[in-house]
Amino acid sequence: MGATSEQVESLVRREYQHGFVTDIENETVPPGLNEDVVRLISAKKNEPQWMLDWRLEAYRNWLKMTPPSWAQVKHPEIDFQSISYYSAPKSKDDGPKSLDEVDPRLLETYEKLGIPLEEQKMLAGVAVDAVFDSVSVATTFREKLSEVGVIFCSISEALKDYPELVRQYIGSVVPENDNYFAALNSAVFSDGSFVYIPKGVRCPMELSTYFRINAQNTGQFERTLIVAEEGSYVSYLEGCTAPKRDENQLHAAVVELVAMTDAEIKYSTVQNWYPGDEDGRGGIYNFVTKRGECRGDRSKIAWTQVETGSAITWKYPSCVLKGDYSVGEFYSVALTSNHQQADTGTKMIHVGRNTTSTIIAKGISAMQGEQAYRGLVRFGKGAENARNYTQCDSLLVGDRCGAHTFPYIEAMNPTAKVEHEASTSKIGEDQLFYCKQRGISEEDAVSMIVNGFCKEVMKELPMEFAVEAQKLLGISLEGAVG
Amino acid sequence: MSAVDHYLNAFEAEAAGLPGRGQPWLDGIRDAGIERFAEVGFPTPRNEQWKYTRVAAIEKRRFGLPAAATPVTARQLEPFLFSGLACDRLVFVNGRYASALSSISEGEVRMESLAAVLKNEPALVEQHLAHYGDMKRNAFTALNAAFMLDGAYVHLPRNVAAERPVHLLFVSTEDGGEFAAHTRNLIVAEEGSSGKVIESYVALGDGGYLTNNATEVVLGANSELEHYKLQEESLKAFHIAALDVHQDRDSRFTSHAVSFGALLGRQDINAVLDAEGAVCNLYGLYVADGRQHVDFHTTVEHAKPHGTSREFYKGIIGGRARGVFNGRVHVHQDAQKTDSQQSNKNLLLSHHAEVDAKPELEIYADDVKCSHGATVGQLDDNMLFYLRSRGIDKEAARGLLTYGFAQDIIDHMSLAAVRDHLEGILVRRVPAAESVAGIL
Amino acid sequence: MLEIRDLHVSVEGKPILNGITMDVKKGEVHAIMGPNGSGKSTLSHVLAGREGYEVTSGTITYEGKDLLEMEAEERARDGIFLAFQYPVEIPGVNNSYFLKAAVNAGRTHRGEEELDAVAFMKLVREKMKLVDLKDDLMKRAVNEGFSGGEKKRNEIFQMALLEPRLALLDETDSGLDIDALKIVADGVNALRTDERAIVMVTHYQRLLNYIVPDHVHVLAAGRIIKSGDRSLALELEERGYGWVLEQEAAA
C-alpha cells in the first residue's frame, strides 16, 4: 500500500487550481466592528430604518454572546476587530446596466473559474446572480423570470423594491439572535440573494449564485432568503470557489428558506473555497447557518451539499417540519484533506404530523483531514407518525485523519420512528487489488470507489452541478487515496 | 448551606472513621476525590455528559452516611436470590458488609469486604484501587473516591477458572433513611483466569436513598469475565454507578447491565481495550415507566490494534419516563484492525415518554470496521397483526412483542438462573402482563 | 508461458512457500491440490501480484518477462486473470462500469480502440450466456448482495470477457452446489483453447470430474510433493492426502 499512499499524497498535494487574485480596486471600510460600522453598512445601502434597527438589535445581541466551542474543530481565536465588514467593487458606483459594463477583469476571473456567465449560462439554462465580494454585479434572466412573477435579485435590491416582502420573512427562520455567527451576519450582512416564487409557479430554470471571496481580510456575510409560496417549486444552486490567500478569511453566511403549503425548495451547494495550503496555512473559515422551514402542509425542503473546500467548515443545513406531511431531506458529501476540518450535519425538527426526513451524509477524510458528522433528529410531542431515516458513512484514506459521528436523537412521540445507521471503513486493500487484477489502475479504482461511495448524494444534484462536483472530488482526492 | 459545603463538612467530620484512613496512598485518593468534587460540584445539563439527565433532585437532598447497623433477615433476601444457582454470596446492607448474611465457599478465588481489606491488608489493592475510574470525568466518581465505605474485593488468581459465580447483593432498607451508600467494588482477574460476577442492587421497602457505586474491573492477559449488573432499586431511590474496565491483551469482557428500578438511574460503563486482541461485549436493557429516568452512558476505548467490541442496548420507555442512551466508541490512532459494532433500539410506549439516543463514533485509525445504529419507535405493525391474526388479543400481542424485544438482550446471558430471574421481573413490566404470563 | 523456479514466499516473516518449481505451457490445464494451509492460495495471489507477500528467492517468468517486476494491473492487462476465492464486494460501483473500465484498460494496453457503450453491451450479452447470468447483474454493484454461486459465476463471466492467456482459478468450486458447479465448469471448459493456459487451485477432487486437467500437482507445506496426470487426483480422492504425505516423509 506504500506506493499507493504516495500517489494519493501527490494528488492531494496538487496546488489549488483556482488560486489567483483578481486585481480590482475595492471600496473597503477599515477593519473593525462597532455600531457605527453597522450604521454605515446600512446607510451605504440606503436601507429602511427598520432594517437598521434590526441590524443594531442583532449587533447588541452578538456582543453578549460567545463563540460556540462544542464543534470538533480547532482554530486560533478570531479577531473580529481585524476584519473589514464592507467592500464593494468600485465600478458599482456607475452601476453596470448590462454585462458589457461589467469590469472585464471580473468576467475574466469567472471565465477562469469556468463559471457559465455568458454562452455557457445560456446553454445550461442557468440564471446567474454573481456576487463578487459583497455586492451583486450582474443578474441575468431577470426578465424571463419576471414574466412568471419570480423575483430573483440581490437582497439589497429587494430591500429597495420589495421591502415589505423582505421585512415579512427575514429573520423569521433564523432569528437575529439565533447563534453567534448568525447574529454577526444579521448585524453586518453585505448582500446576498432574494428569491420569491409566487403561488403555483414552477420556476422555469435553476437559479444559481456563485459566491466568491476576493478582497483580502474581507469577511463575507451573505444573506440569502428564499420564499416559495403555496404550490410553487424552485431549485437553487450555490457554488463557490475562492482565490488563494494566505490569511484566513471568515465567511459567516445565513440562508433562510420558507416553503408554504405544497411548495418545494431544492437547495444545492458545491463549496470549493480555498482550503489552505498543505501545511494548513490560510484557507476560509466557513461558519454558516442554513435553515429551512416547511410552514405549510405537504411542503418539502431538500438540502444537497458537496463540501470539498474551506479550512474549517461549520455548517448544519436544517429543516423545521411544521406542516403536516412535510418533508425534509439532507444529502451531503464532505471531503477533508491536508489539514481541513469539517463539523457538519443537519437538524431535522419534526413538529407536524406525518412529517418525514431523510439524512444521507457521506464523509471522506484524507491526509490529516478531520471530520465530524453532527446531527439532531427531534420528534416533538405532536409529531404523530413522523419518520426519519439517517445514514452516515465515513471513508478513511490514510492513517492520520479522523472521522467522527455524533448523532443526537430526541423522541417525544411514541408513534414516530427514527432509524440511524452509521459506518466507517477505509478504501479496502482487497477492493483495490480486485480492481487492479482486472487491469484497472489504482487511481481509476479509487475514483470509482469514491464515486460509488457518494453516489446516493450525487444523484440528488442537478446534472450540471453533479459534473462539477465529481470533478471537484476528483481534484481533491485523486492521488489522495491509498 | 450549599450541597458542596454539605459534603465538604461531612468529609471533615467522617473522614477519620472511613476504612483505611491513615494509609497515605489511600488518604491521597480520598483527598483528591473531595477536592475534585468541591471544584466541580454536581454536574449540570451544560456538561455534555449530563445533557439529558438532571441531578438537581440529588443535589437538593443532604444525604449522610448510612447508619451502622440495620437488621435484615436471610428470609427477606430470598426474592433477590437466583434459585438453582450455586454461587458465593457477599451481602451488603445499606452499603456495609453483612457477614452473617453472606456465604463464601472455600476455594482459590478470594472474595471479601473491601472495608476489611482496606483496614487489614491495604497493600493488596493499592495497585488497582481507584486507578481506572476517572474522577475528572465524573463528579460522582470523585465523591465515591472520597467517601468509599465498603464493597467487594474479588480476586481471580492466575489461570484459575472460578467454579461458582460470585453474587454481590446490595440491599437498601427503608428505615435507613436518606443515606448515601458510596459502594466500591474491585474485581481483579489475573492472567488466564476466568469467572462470573453478579452485582445486584435491591431494596426492602421504598426508601429515597442514594446509591453511588463505583466498580473497577481489571482483566489480565487472556482472562475472561462475565459481569452482570442488575439494578432493581426502590422507585424512590437514586442510583448512580460507574463501571470502569481495563483490559489487557486477548482478555474477554462481557457486561450485562439491566435496569428496572430507581427514580433516577444513571450507569456509566467505560471499557479500555488497552492491549491487542481484547474483546469487549456490552449488553444492556433498560425498562422505565411512571416518572422514572434512566440513563446509560457507555464508552469503549479501542487503544490498541485488533480489538473487537460489540454493544447491544435496548430500552422500553413508557408512562412519563425518559430513557437516555449515549454510546461512545473511540478508536485511537494505534488501534488498527478494530472491529466495532454498536446498536441501540428503543421502544417508546407513551405520548408522555421520551427517548434520547446518542451513539457516537470517534475514529482516528484508518484500517477499521465500525458501525453503529440507533432506532426509536414502537412495535412493528406487521408483527402485531400477525399475532392478532392468530387469535391473540391486541394488548397481549403488544405485551408479547415487548417481552420478545427485551428477551433478545437477556438471551446473551450464560447463567440460566439469572435469565429466569430477569424474565420473571420482565413479564411483570410489559403491557397485559397477566395474559403474557399466561401465554409464556 | 509460465515458468516458476524455486519460489520461496513469506508473509510477515513466516515462510509459506518453500521452493515451488513448475512449468505451464499454453493450452494446458493444471490442477494444484493440497490440504488446508498448504500454500495454494498464496501461490495464486503471488502470481496475480497481490501485495503483502515477500518473495524471498526464486523467479517467475511469464511469456519471457520477469513477472515479479510487474504491478498487479500490468499483469492483468498482459493476460493474467485471477478468479478470486472470495470475490470482493465493491459497494456503489456498478458492475457494468467496472467491467467496461477493465475491458478498455486491456484494449488500450494492446493498442486496440476502446469499446463504446453499445459494442460493450453486445459483448457482455454474448458472454453472459456462457454462465447463465441475467442482464440485471450489470446494473448491480460489483458482487454486492450476490449469492455465493452468483459471485463465482460472475468471476467466470469476467474471465470470458477479459479473455486472459493465463487464468488462475482459486478454489472456484468451493461453496458451490452441484448445479452451480456444473455451470461454472461448463463455462471454464468453453473457454479452454490451445492458446489459453488454466491453473486451478482446489481442495476438492470433485471439480476435476468436470474440468479434466492435463497435470495434477500436490502441494503440501509450501512445496509440490507429487505431480502426475489426472489419475493422481483420483487416487487422492480415494486415499486422501495422508498417503502422499507419508510417501513424502518416507522419501
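Okay, let's start inside chain A, with strand β17, residues 327-336: nine of its ten residues are buried, so to speak mostly covered. Keep in mind as we go that this is a predicted model.

What does β17(A) pair with? On one hand there's strand β14, residues 300-307 of chain A, joined to β17(A) by eight bridges, and the two run parallel. If you want a spot to click on, take A:Thr304, whose bridge partner in β17(A) is A:Tyr331. Then there's strand β20 of chain A, residues 356-366, with ten bridges to β17(A), again running parallel. Here the pair to look for is A:Leu335 with A:Ile364 in β20(A).

Staying in chain A, have a look at helix α9, residues 180-188. How many of its nine residues are buried? Eight of them are, which leaves the helix mostly covered. The buried ones are A:Phe181, A:Ala182, A:Ala183, A:Leu184, A:Asn185, A:Ser186, A:Ala187 and A:Val188. And what does the covering? The cover over those buried residues includes two helices, α2 (35-44) and α3 (49-64), along with strands β8 (223-228), β11 (254-259) and β13 (284-294), all of chain A.

Let me zoom out for a second. Chain A has 482 residues, and 60% of them count as buried. Its secondary structure comes to twelve helices and 24 strands. Now take the contacts in chain A with a separation of 6 or more: 85% of those are between residues 24 or more positions apart.

Right, on to the neighbours. Chain A and chain B first: 29 residues of chain A are in contact with 30 residues of chain B. On chain A's side, β23 (402-411) and β24 (417-426) each supply at least two of the touching residues. By class, that side of chain A has twelve nonpolar, ten polar and seven charged residues.

There's strand pairing across the two chains as well. Seven bridges join β24(A) to strand β20 of chain B, residues 369-377, and these two run antiparallel. Careful with the names here: this one is β20(B), and A:Glu421 stands opposite B:Gly373 in it.

While we're in chain B, let's do a helix pair. In general, two packed helices are described by the angle between their axes and the distance between the axes. For helix α1 (residues 3-14) and helix α2 (residues 24-40) of chain B, the angle is about 165° and the axes are 9 Å apart. Why do we call α1(B) and α2(B) roughly antiparallel? Because that angle of about 165° is over 145 degrees, the cut-off for the term. The crossing of α1(B) and α2(B) is left-handed. From α1(B), the contact uses B:Val4, B:Tyr7, B:Leu8 and B:Phe11, and from α2(B) it uses B:Ile34, B:Phe37 and B:Ala38. Sorted by class, this contact has seven nonpolar residues, no polar ones and no charged ones.

Now chain C. Its contact with chain A takes 17 residues from chain A and 22 residues from chain C. From chain A, α10 (429-437) and α11 (442-458) each supply at least two residues of that side. The side of chain A that touches chain C has seven nonpolar, five polar and five charged residues.

Inside chain C, let's look at two sheets. One is an open sheet of four strands, in the order β2-β1-β4-β5, with antiparallel pairing. β2 (14-24) and β5 (65-66) of chain C each have a single partner strand, so one side of each is left without a neighbour in the sheet. Strand β1(C), residues 2-11, is joined to β2(C) by eight bridges, and C:Ile4 has C:Met22 as its bridge partner in β2(C). Helix α1 of chain C, residues 40-48, packs on this sheet, touching β1, β2 and β4 (54-62), with its direction at about 70° to that of β2(C).

The other is an open sheet of six strands, ordered β6-β9-β10-β3-β11-β12 in chain C, and its pairing is mixed. At the edges are β6 (80-83) and β12 (223-228), each pairing on one side only. The twist averages 20° from one strand to the next. Five bridges join strand β11(C), residues 215-220, to β12(C), running antiparallel, and C:Val216 stands opposite C:Gly228 there. Last stop: helix α5 of chain C, residues 148-162, lies across β6 and β9 (166-170), at about 170° to β6(C).

Terms used: Residues are numbered from 1 along each chain as its sequence is written. Chains are lettered from A and ligands numbered from 1 in the order in which they are written. This is a predicted model: local features need pLDDT of at least 70, side-chain atom pairs count only at pLDDT 80 or more; totals for chains, interfaces and linings use all residues. Two residues are in contact if their C-beta atoms, placed from the backbone, lie within 7 Å. Ala, Val, Leu, Ile, Met, Phe, Trp, Tyr, Cys and Pro count as nonpolar, Asp, Glu, Lys and Arg as charged, and the others, Gly among them, as polar. Two strands pair if DSSP finds at least two bridges between them. A residue is buried if 20 or more other C-beta atoms lie within 10 Å of its own, exposed if 12 or fewer, and partly exposed in between; C-beta atoms are placed from the backbone. Axes are lines fitted to C-alpha atoms, for helices over the stretch in contact, and angles run from 0 to 180 degrees between N-to-C directions. A crossing is left-handed if the near helix is turned anticlockwise from the far one by less than a right angle, and right-handed if clockwise.
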